[in-house]
Amino acid sequence: MRILLINGPNLNMLGTRQPEIYGSMTLDDIVGKVNARASELGVEVEPFQANAEGEIINFIQTNGKAADGILINAGALTHYSLGLRDAFESIQKPFVEVHISNIHAREEFRHHSVLADIAVAQVAGLGWRGYIAALDGLVGILNDRK
């Protein structure tokens, strides 16, 4: 089983960006924890991070069809990127939307996701552990579908 792990704008700044909201773990730390859990599950994870919307869309278009599913923390793109939504709709693969903070308990503009209604799930507010919960959930869903 192959899972893409996509992180959007500013997530490369984890560990130093607002640690009171996002914690002190770096993106590399989180990817390491996801890879460790994936290894336990017998799953391959391919991580990718970009600050540019087009790069993320290109990655999904290029790699999405060969993947079984996707985990994505789209960052700010969550709230407005119809191009990202269209990319997911074009590949028709199950994906889980991940947020480190609870976007529903923050500023009003963060409450809406243009991806949520086409995602198989949304995980928010569990900190870095949300990535692990999302991976476990997605692998379970994919196994159920076999």
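Accessible areas here come from the Shrake-Rupley method with a 1.4 Å probe. With that in mind, welcome to the tour of this predicted model.

**Stop 1: the whole chain.** Select everything and show the surface. The accessible surface of the chain comes to about 6800 Å², and carbon and sulfur atoms hold 49% of that area. Of the 146 residues, 47% count as buried.

**Stop 2: the C-alpha trace.** Switch to C-alpha atoms alone. Along the principal axes, they fill a box of roughly 40 × 35 × 25 Å. The radius of gyration is 14 Å, which agrees with the value near 15 Å for a compact globule of 146 residues.

**Stop 3: the cartoon.** Colour by secondary structure, and you should find 5 helices and 5 strands. Walking from the N terminus, the order of elements is β-α-α-β-α-β-α-β-β-α. If you draw the contacts with a separation of 6 or more, 76% of them come from residues 24 or more positions apart.

**Stop 4: the charges.** Now pick out the charged groups: the chain has 12 positive and 17 negative charges. Their mean positions lie 4 Å apart.

**Stop 5: strand 1 and N7.** Select residues 2-7, which make up strand 1, and zoom in on N7. Is N7 buried or exposed? Its relative accessible area is 2%, so N7 is buried, the cut-off being under 20%.

Which residues is N7 in contact with, leaving aside its neighbours within four places in sequence? Show these as sticks: L27, F48, Q49, A50, I56, N73 and Y131.

Technical notes:
Residues are numbered from 1 along each chain as its sequence is written. This is a predicted model: local features need pLDDT of at least 70, side-chain atom pairs count only at pLDDT 80 or more; totals for chains, interfaces and linings use all residues. Side-chain values use heavy atoms; hydrogens and water are left out. Helices (H or I, at least four residues) and strands (E, at least two) are DSSP runs, numbered from the N terminus. The radius of gyration is taken over C-alpha atoms; the globule rule is 2.2 Å times the number of residues to the power 0.38. Buried means under 20% relative accessible area, exposed over 50%, partly exposed in between (1.4 Å probe, protein chains only). Contact means heavy atoms within 4.5 Å. Lys and Arg count as positive and Asp and Glu as negative; His and the chain ends are not counted. The place of a charge is taken as NZ of Lys, CZ of Arg, CG of Asp or CD of Glu.
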